[in-house]
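Here is a friendly briefing to read alongside the sequence and the 3D view. Take a moment to look at both before going on.

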Number of protein chains: 2
Amino acid sequence: MNRRRPTLEQVAQHAGVSRATVSRVVNGSPTVAAGIRELVLRSVRELGYVPNQAARSLVTQKANSFALVLPEPSTRVFSEDQFFPALIRGVSQELEIVECQLVLMMASSAASSARIAQYVLAGHVDGVMLASIHGPDPLPKDLASTGVPVVTNGRSLGASPVPYVDVDSTGGAATAVRYLIERGRKHIATIAGPPDMVAGIDRLAGYNTAIVAARQRPIIAFGDFTRESGEAAMRQLLEEEPNLDAVFAASDLMAHGAVSTLRKAGCRVPEDVAVIGFDDVDLARYVEPPLTTVRQPIFDLGRVLARQLVAMAAGTPVEPSVILPTELVVRDSA
Amino acid sequence: MNRRRPTLEQVAQHAGVSRATVSRVVNGSPTVAAGIRELVLRSVRELGYVPNQAARSLVTQKANSFALVLPEPSTRVFSEDQFFPALIRGVSQELEIVECQLVLMMASSAASSARIAQYVLAGHVDGVMLASIHGPDPLPKDLASTGVPVVTNGRSLGASPVPYVDVDSTGGAATAVRYLIERGRKHIATIAGPPDMVAGIDRLAGYNTAIVAARQRPIIAFGDFTRESGEAAMRQLLEEEPNLDAVFAASDLMAHGAVSTLRKAGCRVPEDVAVIGFDDVDLARYVEPPLTTVRQPIFDLGRVLARQLVAMAAGTPVEPSVILPTELVVRDSA
DNA sequence: TTGTAAGCGTTATCAT
DNA sequence: ATGATAACGCTTACAA
């Protein structure tokens, strides 16, 4: 119950050496005699000494922790979509290797940007990861300009020179649409993601690229990655383009919503209308019909994000961007 | 690009006052003249001063942050089950109110318990929340015994005196089973959760209570909250008790797995066998048939968890346990 | 190889 | 109401 933890000083006294020596032992300095080292280590154990991080940070100017900033109102982050948990898992695993901690920050509002900036400037973390940013968020640039290492998930809109990691949304989307084209679909629509998010923009770009190459006409509706928005977008498409025969949705949830709407409208999937999603969430396997979709490696995304940041914090130069591959998973919906 | 942030000292010089005065202004002390305050605040703004948290922590012995420890290998935490995101969201929201940060720690192995203990003892956080603990994990007690405020999600097995917050698993399960009984079901089985987790134990207890009260015979199979385990458990039940007419599963995912198995076996749900789940994840609404289930307020759980911890850290005494209500949501599967 | 001593940037206790 | 000044616990030149 002795609330005050023992200090370096006390360990030093207990071992009969100086503070400096204990510090050296604790930090694994090679310049200390084997005998003394043992002696000190025993004292450390006996007293249950644990270095005080605040004191250490104060002098080393390192916090040994990194922040992951998540835009709380993001429709993607907290939906069924397993993006968020998988990302965190990847990040954690990577940070554990370098014995650093993960500080999670929700950017719940514009005001919280200021809060986050303050926190970072207070020296609480050695670097910041920003995920699924909306629009021209100034936060990445603002943070980076203070000299803190910053890496984002997806290039940030607004052409800031912040290193980023992303999955190949464009390529994945194009592959999916090409698959539809190859299977003879002639009127391929897309339910795109929000036009202020990189994931939305890139998947739409991939769709457009493939459509243009095949000399088809783009048929576009927008959603926000949620199932409800997918349902609504599909209703709209059906109304405006009743002869469409395929849909590429920028998320599995929207694809699932689209399937619901199609069925209500009496369309068979995939016979009348083929549907392809994006993400490959668990759900995709279990809905009726199982969804053909573009798989993205979210866990790896998290790992790489963390790895890049750690490298930057260590002063190692990193590539300005890393793109992870996506993969078409063919099931029954297309 | 000036990497070194300005210090209290510099602000003091700039404003022509002493460090102490600046400190008072920054911390909102009332004992400072209005004129001086303005002067200092201007300097703070002009220099972009942000207090160094490490220095502050060193003297105040407060970290202004709290840890949430998640057992990484938990089958619940990172599955489709939205437990984890919802919990984090609740915790974050509550911590934001008191301007504290959330440090996320994955307990990926037995070894990481030591890591976590070290981290906490290093004074990095002012308190710890532990979620969905497996078995007789010594971590809660170990941490609490060092004097750090600790609160767990679910009472910890092994009768330690750590305050906890939980949902009413027992009551929810009993309500579900009673509902089945009232609807005339005579052979009600359960697919229970892991017997080393409180959520598993309590839901089974609720089932047993209702079954005994109705003088029925318990029919039990175990799963680990995942869909696959639900499928397997259902197969086993069907083999051993072919005349069962209802199943209460301790998670929606297991309920969904059970439905799959039942259908493959040619049973109609709910006509031949009624199924009730637990959690009310989004999925429950979208599967065929939509799942009758017990809803638990995970977001609130997170909030209360954080609120209790903050209170403890402030020295306020808290109730040894808080139980949040659950609610039966009737849909089509029962 | 080991010890001495000077900070790191705050807060808090005194005087004034 | 304000200002010295002493901690807080650690790392790290520099000296020995």
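The notes below cover the model, the DNA surfaces, the chain contact, the cores and one strand.

This is a predicted model, in which local features need pLDDT of at least 70 and side-chain atom pairs count only at pLDDT 80 or more, while totals for chains, interfaces and linings use all residues. Residues are numbered from 1 along each chain as its sequence is written, and chains are lettered from A and ligands numbered from 1 in the order in which they are written. Helices (H or I, at least four residues) and strands (E, at least two) are DSSP runs, numbered from the N terminus.

**The DNA surfaces**

- A residue counts as near a strand of DNA if its C-beta atom, placed from the backbone, lies within 6 Å of it.
- Around DNA strand D there are 28 residues, and those that come nearest are Thr7(A), Leu8(A), Ala55(A), Ala20(B) and Ala33(B).
- At least two residues of this surface come from each of helix H1 (8-15), helix H2 (19-26) and helix H4 (53-60) of chain A, and from each of helix H2 (19-26) and helix H4 (53-60) of chain B.
- By class, the surface near DNA strand D has 14 nonpolar, 8 polar and 6 charged residues; here Ala, Val, Leu, Ile, Met, Phe, Trp, Tyr, Cys and Pro count as nonpolar, Asp, Glu, Lys and Arg as charged, and the others, Gly among them, as polar.
- DNA strand C has 27 residues around it, with Ala20(A), Ala33(A), Leu8(B), Ser23(B) and Ala55(B) the nearest.
- H4(B) gives the largest share of the surface near DNA strand C, 5 residues.
- The surface near DNA strand C divides into 14 nonpolar, 8 polar and 5 charged residues.

**Where the chains meet**

- The contact takes 37 residues from chain A and 37 residues from chain B, where two residues are in contact if their C-beta atoms, placed from the backbone, lie within 7 Å.
- On the side of chain A that touches chain B, two or more residues each come from H4, helix H5 (83-97), strand S2 (101-106), helix H6 (110-121) and helix H12 (282-286).
- That side of chain A holds 19 nonpolar, 11 polar and 7 charged residues.
- S2(A) and strand S2 (residues 101-106) of chain B run antiparallel and are joined by 3 bridges; strands pair if DSSP finds at least two bridges between them.
- Within this pairing, Leu102(A) stands opposite Leu104(B).

**Symmetry**

- A turn of 180 degrees and a shift of 0.0 Å along the axis lay chain A on chain B with an RMSD of 0.0 Å, superposed by least squares on the C-alpha atoms of residues with pLDDT of at least 70 in both.
- This is therefore the relation of a two-fold axis.
- The same surface serves both copies, as 100% of the contact residues of chain A recur in chain B.

**Nonpolar cores**

- The largest nonpolar core has 101 residues, and Val275(A) and Val275(B) have the most contacts inside it.
- Such a core is a set of buried Ala, Val, Leu, Ile, Met, Phe, Trp, Tyr and Cys residues joined through C-beta atoms within 7 Å.
- A separate second core of 90 residues includes Leu87(A), Leu95(B), Val151(B) and Ile298(B).

**Strand S6 of chain A**

- In strand S6 (residues 188-192) of chain A, 5 of its 5 residues are buried, that is, 20 or more other C-beta atoms lie within 10 Å of their own, with C-beta atoms placed from the backbone.
- S6(A) pairs in the parallel sense with strand S8 (residues 246-249) of chain A over 4 bridges, and Ile191(A) has Ala249(A) as its bridge partner there.

How values were computed
A residue is buried if 20 or more other C-beta atoms lie within 10 Å of its own, exposed if 12 or fewer, and partly exposed in between; C-beta atoms are placed from the backbone.
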